[in-house]
Amino acid sequence: MADAEAEWLYGLPLDEFTAARDARARELRQGGQREKAAEVAALGKPVLAAWVVNMLARDERADVRELVPAAGAIRTGKAGADTAFREALDRLTAAARRLLEAEGRSADATLQQVAGTLR
């Protein structure tokens with residue numbers, strides 16, 4: 001699978017995913033790239049919470065880079081790690097809310113799923 005194809009598709013607004021995936025698979029098939037077309041066609045549309053987490057990983061990299069080691073530090077009992085983790089999680093959750101609102105989507109239930117995934 002061409003990772004660039006998946007990277008591009010998963011970076012699109014969620015409502016554009018299916019049409020863009022199908023169009024790209026069709027283009028590849030017409031260009032004689034049947035195997036690559038089948039791989040693109042098989043890419044699944046992410047659920048809303050997964051899409052939000054993916055967008056956060058793309059757009060809020062600094063906070064994600066802070067969250068991951070803070071989680072590891074919590075597991076090892078490092079002092080102050082919980083504060084760093086909570087602060088990064090709060091910033092990411094706020095960014096998720098802004099993203100959902102910009103997309104015209106209800107945030108509450110999805111934010112719980114996003115926060116759960118990030119934790």
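Buried means under 20% relative accessible area. By that cut-off, Asp63 counts as buried, because its relative accessibility is 14%. The legends below use this word often. The model is predicted.

**Figure 1. The whole chain is built from helices.**
The protein chain holds seven helices and zero strands. From the N terminus on, the order reads α-α-α-α-α-α-α. The C-alpha atoms fill a box of roughly 60 × 30 × 20 Å, taken along the principal axes. How does the radius of gyration of the protein chain sit beside that of a compact globule of 119 residues? The globule would have a value near 14 Å, but the protein chain has 17 Å. Buried residues make up 34% of the 119 residues. The accessible surface comes to about 7,000 Å². Carbon and sulfur atoms own 50% of that surface. Now take the contacts between residues at least 6 apart in sequence: 61% of them join residues at least 24 apart.

**Figure 2. Arg24 and Glu5 form a salt bridge.**
The structure holds ten salt bridges. In this one, the closest N and O atoms of Arg24 and Glu5 are 2.9 Å apart. The pair links distant parts of the chain. Arg24 sits in helix α2 (residues 17–30), and Glu5 sits in helix α1 (residues 3–10). They are 19 residues apart. Are the two partners buried or partly exposed? Glu5 is buried, with a relative accessible area of 9%. Arg24 is partly exposed, at 22%.

**Figure 3. Glu5 also forms a salt bridge with Lys36.**
Here the closest N and O atoms are 3.6 Å apart. Glu5 lies in helix α1 and Lys36 in helix α3 (residues 34–41), so this pair ties together parts that are 31 residues apart in sequence. Lys36 has 23% relative accessibility, so it counts as partly exposed.

**Figure 4. Arg91 forms a salt bridge with Asp63.**
The closest N and O atoms of this pair are 2.7 Å apart. Which helices does the pair tie together? Arg91 lies in helix α6 (residues 81–102), and Asp63 lies in helix α5 (residues 61–75). The two are 28 residues apart in sequence, so the pair ties together separate parts of the chain. Arg91 counts as partly exposed, at 33% relative accessibility. Asp63 counts as buried, at 14%. Elsewhere, salt bridges that share partners join Glu5, Arg24, Glu27 and Lys36 into one network.

**Figure 5. Helix α6 has its buried residues along one face.**
First, check the length. At 1.5 Å a residue, the 22 residues of α6 should span 32 Å. The end C-alpha atoms of α6 are 31 Å apart, which agrees. Which residues of α6 are buried? They are Ala81, Phe85, Ala88, Leu89, Leu92, Ala95, Ala96, Leu99 and Leu100. Seen down the axis of α6, these buried residues fall within an arc of 135°, so they line one face of the helix. The general rule helps here. An α-helix has 3.6 residues a turn, so residues three or four places apart point the same way. On the other side of α6, Asp90, Arg98 and Ala102 are exposed. What do the buried residues of α6 pack against? They pack against α4 (48–59), α5 and α7 (108–118). After α6 comes Gly104. The phi of Gly104 is positive, near 70°.

**Figure 6. Helix α7 keeps its buried residues on the same side.**
Thr110, Leu111, Val114, Ala115 and Leu118 are buried in α7. They cover an arc of only 135° around the axis, which puts them on the same side of α7. Which residues does the face turned away from that side carry? It carries the exposed residues Ala109, Gln112 and Thr117. What covers the buried residues of α7 includes α4, α5 and α6.

**Figure 7. A close-up of Thr110 in helix α7.**
Is Thr110 buried or exposed? Thr110 has 9% relative accessibility, so it counts as buried. Which residues is Thr110 in contact with, leaving aside its neighbours within four places in sequence? They are Leu48, Ala49, Val52 and Leu100. One of these contacts, Leu100, is also among the buried residues of α6.

Definitions and conventions
Residues are numbered from 1 along each chain as its sequence is written. This is a predicted model: local features need pLDDT of at least 70, side-chain atom pairs count only at pLDDT 80 or more; totals for chains, interfaces and linings use all residues. Side-chain values use heavy atoms; hydrogens and water are left out. A salt bridge is a side-chain nitrogen of Lys or Arg within 4 Å of a carboxyl oxygen of Asp or Glu. Helices (H or I, at least four residues) and strands (E, at least two) are DSSP runs, numbered from the N terminus. Buried means under 20% relative accessible area, exposed over 50%, partly exposed in between (1.4 Å probe, protein chains only). The expected span of a helix is 1.5 Å times one less than its number of residues. The arc is that of the directions from the helix axis to the C-beta atoms. Contact means heavy atoms within 4.5 Å. The radius of gyration is taken over C-alpha atoms; the globule rule is 2.2 Å times the number of residues to the power 0.38. Accessible areas come from the Shrake-Rupley method with a 1.4 Å probe; for residues, only the protein chains shown count as cover.
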